[in-house]
2 protein chains.
Amino acid sequence: MAELLAALRQAVGQPNVLTRATHGDLSAWENDWRKRWPGHARAVVRPGNTEEVAAVVKACTQHGVALVPQGGNTGLVGGSGPDGTGTQVVLSLQRMHRVRGLDAANATLTVEAGCVLQAVQQAARDAGFLFPLSLAAEGSCTIGGNLATNAGGTQVLRFGNARDLCLGIEAVTASGEVVNLLSGLRKDNTGYDLRNLLVGSEGTLGIITAATLKLFPLPAAQLTAWVAVPSMAAAVSLLGTAQRLLGPALTGFEVMNAFSLSLVARHMPQLTQPLAAHADPWRVLLEVQDVESEAHAQARLEAVFEVAMANGCASDAAVAQSVAQSRHFWHLRESIPLAQAEEGTNIKHDISLPVSAIPAFVEATDAALAQAIEGVRLVNFGHLGDGNLHYNVQAPPGVSAAEFLAAQEAVANAIVYQAVAQHGGSISAEHGVGWLKRDELPHYKDATALAWMRQIKRALDPANLLNPGRVLRTD
Amino acid sequence: MAELLAALRQAVGQPNVLTRATHGDLSAWENDWRKRWPGHARAVVRPGNTEEVAAVVKACTQHGVALVPQGGNTGLVGGSGPDGTGTQVVLSLQRMHRVRGLDAANATLTVEAGCVLQAVQQAARDAGFLFPLSLAAEGSCTIGGNLATNAGGTQVLRFGNARDLCLGIEAVTASGEVVNLLSGLRKDNTGYDLRNLLVGSEGTLGIITAATLKLFPLPAAQLTAWVAVPSMAAAVSLLGTAQRLLGPALTGFEVMNAFSLSLVARHMPQLTQPLAAHADPWRVLLEVQDVESEAHAQARLEAVFEVAMANGCASDAAVAQSVAQSRHFWHLRESIPLAQAEEGTNIKHDISLPVSAIPAFVEATDAALAQAIEGVRLVNFGHLGDGNLHYNVQAPPGVSAAEFLAAQEAVANAIVYQAVAQHGGSISAEHGVGWLKRDELPHYKDATALAWMRQIKRALDPANLLNPGRVLRTD
């Protein structure tokens with residue numbers, strides 16, 4: 001132990017090896033923010049560059065000590081904190097937040113893993129570009145964590161997931177070597193796709209230290225609309241119409257049920273809601289980016305609403321009249337996670353389905369849950385354009401959240417995940433597997449695919465020292 | 001041998017096991033179309049479905065016999081034919097050409113690996129959708145081969161490479177198991193990205209048997225322009241202007257030097273060239289797809305030319321006035337590979353670079369080649385929007401192609417690939433590695449990345465029976 005700490009101090013400098021003995025409270029690194037998986041670290045190590053990351057990994061490998069890579073520690077599946085044994089070292093990338101370079105003619109940006117997402121967005125904007133990855137935690141999550149978990153968010157419909165925004169990657173392997181695939185190339189067919197293997201591997205195959213990201217021209221205008229929609233089937237139909245008429249100008253398509261917005265109304269009464277009195281049980285937030293002008297965007301959006309109102313897939317629409325109002329629409333949407341937390345912890349499901357299967361899934365699963373759990377309430381919202389729902393199960397009125405979770409989590413998970421499987425979906429759309437879904441995975445993932453995953457893990461991390469036990473059971 | 005053949009006949013039926021003894025000439029499967037790597041197969045096996053593929057793999061594994069998966073056999077790097085030993089079995093996917101299903105509301109199409117690319121495009125079009133993968137061999141290449149090699153082509157700028165168009169995949173492993181990851185999901189974070197590991201692995205990790213592909217709405221209008229451009233730097237600047245003003249409506253951006261078009265003029269004199277007399281040494285083919293109308297596309301294109309003419313990055317432009325003329329522009333561009341072949345086999349380089357590095361790369365490499373090989377001629381054309389050049393080195397006038405290749409191939413490759421490396425590029429942009437570049441790879445690819453590739457190959461194909469010796473040296 002003392003020997004390991006000495007080696008770590010040698011690698012990153014004394015002030016960057018934190019222990020309870022020297023620094024007291026380490027809970028910011030040891031606990032996830034929802035405090036579902038409180039942990040206990042042997043030490044928190046904060047390397048300042050890639051060579052230091054490699055040195056830390058070599059020291060840990062030499063001592064047979066497991067490493068947990070950590071970015072902003074904002075994950076939702078227990079992927080970035082130590083277990084409770086006090087033996088694991090947390091490797092925090094937060095000191096590695098340099099922008100290494102921006103290539104305007106190539107529209108690429110190279111950043112270190114510890115850059116906060118918002119800082120990446122800002123670096124792009126400062127140079128006249130858009131970096132479109134956007135999600136609720138963007139003020140504190142890091143790009144390394146975004147890539148390690150293949151984060152999704154609100155712009156996937158147009159720009160793809162984190163993996164689609166990454167052209168090149170740098171990582172440290174389990175043996176402390178540096179893999180340098182930091183290119184800004186749109187095409188590169190020189191062998192296996194190691195970049196995409198690292199992206200989404202949740203720190204279990206290598207530690208992402210830097211990435212070269214794709215940038216896009218800033219749009220000339222952006223419009224946001226709030227639409228009242230009579231049913232989920234109508235929302236899917238509205239999506240099709242918008243995709244056909246707007247093409248890639250359609251950049252966001254979020255759906256929210258009445259109950260999720262009623263929680264926002266209850267817990268954030270100061271937030272006024274457009275179309276608040278409308279009887280339709282669903283709302284859609286639709287975003288358009290336009291390369292020409294606001295007037296052009298407005299005209300295109302009106303063309304969509306004309307068709308949608310005529311064929312009954314939208315009942316009414318409010319278009320934000322200012323940037324402030326547009327932000328307010330998004331703020332309403334993004335307040336749902338907080339509002340539901342105020343109501344009491346619920347049972348979360350981050351699921352995806354073929355868009356075509358969503359209406360049938362929602363109808364069947366709503367009914368099955370209502371039958372299994374009397375009075376159950378469903379917070380159903382998400383990125384409909386990507387087929388991604390946050391389909392969360394809230395306790396009946398008057399039932400305590402703790403009691404509800406203890407009694408119903410297994411029941412609700414079984415109903416939801418079996419319905420997801422029946423409808424050709426995935427039990428983890430954008431949050432990853434981590435600890436939360438590791439033991440569910442074998443019930444829903446192709447067995448041969450899982451066997452491949454285990455073989456790859458063993459090949460690249462034979463001593464099982466990188467984020468052990470996440471994604472795959474390795475004990 | 002007899003035992004293996006019996007097992008193969010059992011697996012796929014007697015008529016689908018072809019040998020010289022029973023079928024005579026097998027050269028269509030044994031030789032690549034450029035006849036650079038003539039081979040000799042033990043047998044050609046033509047399974048009709050995924051289960052039969054699995055049975056063939058099991059039979060070969062049991063007998064320790066290597067398999068070479070083959071689609072349309074149109075590759076350019078020696079990836080899809082048997083070696084000369086007569087021991088390898090060619091597994092042809094061509095009988096597997098079913099369209100398994102089209103999901104309009106989800107905008108996805110599921111096809112078997114042996115579907116010819118053009119048939120996939122047509123199946124999409126018949127349902128009112130665009131499947132944008134497009135390349136010269138589309139009339140005979142198969143979607144399985146496109147995915148196995150991560151094919152590029154002319155629409156990558158907007159829609160990405162083959163990997164970006166694939167949502168789900170089905171494959172048979174080296175042990176004859178089926179990996180079923182055939183989902184139509186836009187988001188799925190349930191573990192390692194095995195789909196992208198298979199895509200681009202050139203049949204060395206598994207045999208792709210089917211895929212679920214992304215579809216897009218058909219555009220309302222498509223316009224093609226032919227532009228005279230004074231320099232490569234000006235072409236890069238025109239690209240930036242077009243991207244800023246057109247955004248995702250810019251779907252193609254091809255560049256051609258004067259020499260490549262002079263070969264088309266010489267060998268295909270019946271093909272009239274727009275702006276033929278213009279003195280500028282470069283031409284750009286620019287394509288726009290518009291969700292609104294032809295008039296709108298025209299107006300946007302004019303806005304681009306206005307800026308480009310004013311800042312000197314374009315000198316003159318002709319816009320195709322009909323679908324036929326637009327096809328003619330593309331036909332001119334696509335005639336370059338054939339015209340250069342008429343002139344005599346040359347030394348091909350399928351390279352990619354950061355777009356920003358291309359002008360300096362071309363200037364330096366043109367000069368270095370001119371100095372090293374007196375009178376050398378350069379066929380320089382490609383997908384500038386993706387940073388992908390086909391930078392081919394043609395014999396000086398009067399020098400025979402065979403003599404030139406024998407004397408200069410190593411010299412030219414060394415000059416070009418070293419310059420590519422110096423400018424942050426890749427020695428294989430869209431054609432893959434196969435046999436052609438396997439032994440070049442270790443000189444230019446990150447050593448740790450190559451070590452990972454070897455570890456993955458060993459983990460997933462421990463007996464080295466899937467397309468052995470391609471991509472990686474495994475003997």
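Which residues in α9(B) meet B:I358, B:P359 and B:V362 in α13(B)? The tour of this predicted model opens with that contact and then moves to a second helix pair and a sheet.

**First stop: α9 and α13 of chain B**

Select residues 232-246 of chain B, which form helix α9, together with residues 358-372, which form helix α13. The residues sought on the α9(B) side are B:M232, B:A233 and B:V236. By class, this contact consists of 6 nonpolar residues, with no polar and no charged ones. Now display the two helix axes: they come within 8 Å and cross at roughly 165°. Angles over 145 degrees count as roughly antiparallel, and α9(B) and α13(B) are therefore roughly antiparallel to each other. Their crossing is right-handed.

**Second stop: α10 and α12 of chain B**

Remain in chain B and select helix α10, residues 258-267, and helix α12, residues 323-343. The axes of α10(B) and α12(B) come within 8 Å, and the crossing angle is roughly 75°. Since angles of 65 to 115 degrees count as roughly perpendicular, that description therefore applies to α10(B) and α12(B). To view the contact, show the following residues:

- from α10(B): B:S260, B:L261, B:L263, B:V264, B:R266 and B:H267;
- from α12(B): B:L332, B:S335, B:I336, B:A339, B:Q340, B:E342 and B:E343.

Coloured by class, this contact shows 6 nonpolar, 4 polar and 3 charged residues.

**Third stop: a sheet in chain A**

Turn next to chain A, where 5 strands form an open sheet in the order β5-β6-β10-β8-β9, with antiparallel pairing. Select β5 (99-103) and β9 (178-181) of chain A to mark the edges. Each of these has a single partner strand, so one side of each is left without a neighbour in the sheet. On average, neighbouring strands are turned by 10° against each other, direction ignored.

Add strand β8 of chain A, residues 166-172, to the selection: 4 bridges join β8(A) to β9(A), and the two run antiparallel. Within this part of the sheet, A:I169 stands opposite A:L181 in β9(A).

**Final stop: helices against the sheet**

Select helix α4 of chain A, residues 50-62, which packs on the sheet and touches β5, β8, β9 and β10 (207-214) of chain A. The direction of α4(A) makes about 45° with that of β8(A). Lastly, select helix α5 of chain A, residues 117-126, which lies across β5, β6 (108-112) and β10 of chain A. Helix α5(A) runs at about 145° to β6(A).

How values were computed. Residues are numbered from 1 along each chain as its sequence is written. Chains are lettered from A and ligands numbered from 1 in the order in which they are written. This is a predicted model: local features need pLDDT of at least 70, side-chain atom pairs count only at pLDDT 80 or more; totals for chains, interfaces and linings use all residues. Side-chain values use heavy atoms; hydrogens and water are left out. Axes are lines fitted to C-alpha atoms, for helices over the stretch in contact, and angles run from 0 to 180 degrees between N-to-C directions. Angles under 35 degrees count as roughly parallel, over 145 as roughly antiparallel, 65 to 115 as roughly perpendicular and the rest as oblique. Contact means heavy atoms within 4.5 Å. Ala, Val, Leu, Ile, Met, Phe, Trp, Tyr, Cys and Pro count as nonpolar, Asp, Glu, Lys and Arg as charged, and the others, Gly among them, as polar. A crossing is left-handed if the near helix is turned anticlockwise from the far one by less than a right angle, and right-handed if clockwise. Two strands pair if DSSP finds at least two bridges between them.
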